[in-house]
Amino acid sequence: MAEDDARAYVLAFENDKPEAARIASQTSQKLQDGQIKLVEIIKALGEYLQSTDAKIRDRATNYLAAIIVNLPSKQLSRQDISILNSFLCSRIRDGGAIEGLSRLQSLDRFSRDNATELAQAIFENFADMSDKKQAERYQVYLLLNELLGTHRKAMLEMADTSLLGYVQVFGGEKDPRNLMLIFSMLRVFMIEWDISKHIDLMFDAVYAYFPITFRPPPNDPYGITAQDLKDRLRDCLASNGELAPSTFPNLLDKLDSTSEVVKKDVLQALSACALHYDPPTIAQYSITLWDAVKFEVLQAQEPFLADEALNVIKNIAICLSRKTSPHAVEWKADPLIHYLKPINKECLEHLQEPASRQAGASGDILKAAASATTRSFEIVLKSVGPAFFTLQQASEGINNQRAILTAVNKIFEASLEVYGSWASNSNKNLEGEITLLAEFKDKLLAIYSRALMGTVKEEVSYRLAALKGLLLLAQMRNLLDDNEIGLIVQHLNDIVLDEESYGRDELKQRAMQALAEISMFRARLITDITFPKFIARLPESEKDAGTSKSYQPVLEGLAEISVGQDLLETLIRRLLNKLDILIQTGYQPTYPYTCAILSIVYYVLDRSTKNSDLGLDSYFDRVVVGLSEKAATGTSPPLCNQAVLNLLGRTINLIIRRSSDEHKDQASGNIYRLFRHSSPEMLDETNVDRYYPLSALTLSTWMLAALPKSSRTAYKVSQASDEDDPTVEQSCLRQISLLINKHLSSKEDLAQITNFFTHTIDGLKDQSTSSDSDYGNFFRSQVRYTFILTKALVLRLEASTNSILTSVVDLLQDLPPRKARYLALGFGIILAPDEILSKTNEAQIRLLAPQRVFQTLVPMFSAKFRDSDSTQEQKEIYLIALSGILGTVSSDIVMPELPTLLPLLLQSLELSDANQNVKTATLETMTVVITKNPEALIESGHIPALVRRLIAVATPSIKPAKSKLPANTGTKTSSDVIMSDAPATSSSPKVRQLALRCVALLPQHVKDQKTPSALLPLKKEVLGGLAGCLDDPRRDVRKEAVDARASWLRGVDDPEDSDED
């Protein structure tokens, strides 16, 4: 039986691996059932194991290994394991032996002696693996790693034998996957073995790979990056301080490298060594390391290298702090003081010239050293603290004083890191000590307050440094009391409210941010000091607001500082009190102050819910119920204004969405009644206008949008939809889109809506027989209704999406030109973002809807455009419709259709002056094409046509002259023919600006290394055309023209330059 199975496996192994695996599994099961013994299996394999053919021996060994792998962990006895281990070790170079041994060593009964025997076999047989493939070497390293992890004691007992054996096997390896394992094992040896006799060997085994220059191949299946290897290698170098005599000199030599990557690797390695080596070792090299790395900060060429050098300085201080007693008496013997003394001295010398570059870098160095530990902060502060006051008093000029404050601010930042802030504790200060800055806080407050409030407003940077310092002082845990923080709050209030605007108002903005940060840990001070002062600055009425425009920054400041929940509730309550007064205002054309307050209410509530599950039920009664009811009465002029209602509706929508199910049900029953208690019966279609002004349908729309899909609400819009008021019509159309897209689910309902759509299309087709001058409200209303139906159905990708889109496109050809042009403008509605029909309001917007619409419409537009029966006017209409789609889809969707689109885009640039929106959409698309897919432009051969059109569009009020460009050797396109008869253009400033931006981008992206530049023949004419754009009346357009000219001069070589090259 055993002989038959062995023979069958050997024969099947080469050509039928699944069958071979089945045989091995079957034999393993027989062994478990006692039908066969292990000795019988080995005897059956005898003739194959002794074969002179290496392949036969490999198959036999594989068979035995496969049987072992399939056995349960408790199946083999210790004796069996020992026999198998010895047998496989003797044939360890044969195929399959490593796999079998890997399984054996994982068994609980695998003894230390077995592990030692296995390790010796590996050392003897794999000392040189240069002839092995990567996968074979990886199996050996994997087995060694498993052996080291599972049988660590046995390997430790082998002492130098195992260490030397492992290192010998690792020699010469270059594969990154194998190196990841090797570095991990070497780190174990460096930490747990006594390497004192083999320091050079261990260092060479690791440092031979420094620096890592590996670049992963494309589509690397293992996902190993150069950074992974660097991290493992760095861990090895930093694992044992006994390597220091070799590590530091060699790393410092490489610090002189001209490669920034190598420098970064060196600094990171030094940082890791400083952090993990023992303090006595680091103490020997601390000054040497400081002298080497300080130049990377003081004369930094790249900020990231300076940051890495600062980490080295900091980690040395951390390491030396471990053995330093906070109550040490003999400071001269303290290695931390010995290390920090020259640092403090040199930094103070540089700070004698505060405005110098080295002074700023010295502040960074002091921060790095002081932020290491409480002990290092104490040493640094006692050394440089008094000197700062002397320097500040002696400094002349604002620039020097600002530099001093900036340096001190860095000490403040170090204090926050070490001692903690009100917002967070520090793990470096577990005992809760108070920062040593407490000794100087009175002086610091006086200096910084005087710098902030006693300096002219033009010195913005100086005052910003002072403001930052005061905020840092306020944030330090247990440093300032409430009165002192309150003084800082008063300064900030004065800046925001009393100072006049200057420049970009950086100081006011930073002051508001500082108040917001203080509110996080001292909310009561903001409530008691800031809120009353800010609220007092708000006008009492729209009339008062009209005479003073200062309310906007006050409202923005209140919104900025109201971060915590308590402050938020206080702010909303006070703003709603203001709103109650404002809605009693008499009639005015606009209500900007009311709108501003509603905008802030919405902004603050929306911000509070974005990153939390905060409910807004507490505002339901006052805002949703109270203000809706007042709007429904029609007695409040502000609540009849559409701008006010729109902002109120958005706020109501947010509150309902964030309210309980009970409140949502309450809102569902009051969509059209708007909580009017005088009308208990439900509204029906015959009495819409009896209960509230039709303009308040805006609120009903926003409330409907907030309700969940499961809500059952009767839509009552047919009576109101007959009104001529455009705001009423818009509300009705939005409600229709909500009903169709969000709430209809049954096939019968959707079929009925599709029939309505077909009926509407047929009604519009009847317009084709009417006069083009019959362009009344009814026609325009029907068009808007058509596109609302289309949008609602297409966004949910209804089954009839393609036929719906086809029907609307066909209308462009059926209608008279004027009506068709109006219809074409509606295509921009289909995919345009909608605040009501949005995912926020649980509308059904399928992810692939934009792609489906684009891929359906663009080929249709292209085919009809190329149709020989289409007139020039009809072609223009198709381009207008196309622009509406282009303006609402992402570039990723546009790019695959670029070959079809390019001729149409070129034609769009030739449209009449009335189609500025079309040109804008086209130019925005061309910007994306030029930057993301310039190859398509080169291959299309349309570059000359595109450049000439862009220049024509960018130049105001000209008729482009007949082109002097060389004729395209390819086939003439329709765009080339039309271009020669281009009409005079008078593009809008935005269109001219976009056109010039496209001109500027062409030299940067249209580059073909294989052929001469396609732009070279155009350079002279482009520069001539841009000369007219340089005199454009708009400054922003002239700037784009200057950039475009510079781009062509710099990016397109002249013919003689090309010849020289």
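**Before the close-ups.** Buried means under 20% relative accessible area, exposed means over 50%, and partly exposed lies in between, using a 1.4 Å probe and protein chains only. The model is predicted, so local features need pLDDT of at least 70 and side-chain atom pairs count only at pLDDT 80 or more, while totals for chains, interfaces and linings use all residues. Residues are numbered from 1 along each chain as its sequence is written, and side-chain values use heavy atoms, with hydrogens and water left out.

**View 1. Arg 152 and Glu 192 meet in a salt bridge.** A salt bridge is a side-chain nitrogen of Lys or Arg within 4 Å of a carboxyl oxygen of Asp or Glu. Here the N to O distance is 2.5 Å. Arg 152 belongs to helix α10 (residues 152–157) and Glu 192 to helix α12 (residues 176–192), so this pair links distant parts of the chain, 40 residues apart. Helices are DSSP runs of H or I with at least four residues, strands are runs of E with at least two, and both are numbered from the N terminus. How accessible is Arg 152? Its relative accessibility is 25%, so Arg 152 counts as partly exposed. Glu 192 is also given as partly exposed, because its relative accessibility is 39%.

**View 2. Asp 291 and Lys 294 form a salt bridge within one helix.** Their N to O distance is 3.7 Å. Both residues lie in helix α17 (residues 279–298), 3 residues apart, which is about one turn of the helix. Is Lys 294 buried or exposed? Lys 294 counts as buried, because its relative accessibility is 10%. Asp 291, with a relative accessible area of 36%, is partly exposed.

**View 3. Glu 1040 and Arg 997 make a salt bridge.** The closest N and O atoms are 2.9 Å apart. This pair links distant parts of the chain: Glu 1040 sits in helix α52 (residues 1035–1051) and Arg 997 in helix α50 (residues 989–1005), with their positions 43 residues apart in sequence. Glu 1040 counts as buried at 11% relative accessibility, whereas Arg 997 is partly exposed at 33%.

**View 4. Four residues share salt bridges.** Asp 334, Arg 375, Glu 378 and Lys 382 are joined into one network by salt bridges that share partners. How many salt bridges does a search of the whole structure find? The search finds 41.

**View 5. Phe 189 and Trp 193 form a tilted aromatic pair.** Rings of Phe, Tyr and Trp (its six-membered ring) pair if their centres lie within 6.5 Å; planes under 30 degrees apart count as stacked, over 60 as edge-to-face, and the rest as tilted. The structure holds 18 aromatic pairs. In this one the centres are 4.4 Å apart, with 55 degrees between the planes. Phe 189 is buried at 0% relative accessible area, and Trp 193 is buried at 6%. Both rings belong to one aromatic cluster that also includes Phe 123, Tyr 141, Tyr 166 and Phe 170.

**View 6. Phe 248 and Tyr 285 are a tilted pair.** Their centres are 5.0 Å apart, with 55 degrees between the planes. Phe 248 lies in helix α15 (residues 244–254) and Tyr 285 in helix α17, so the pair ties together parts that are 37 residues apart in sequence. Both residues are buried.

**View 7. Lys 443 lies over the face of Phe 389.** A charge sits over a ring if NZ of Lys or CZ of Arg is within 6 Å of the ring centre and within 35 degrees of the ring normal. Lys 443 is at 5.2 Å from the ring centre. Lys 819 lies over the face of Phe 779, at 5.3 Å.
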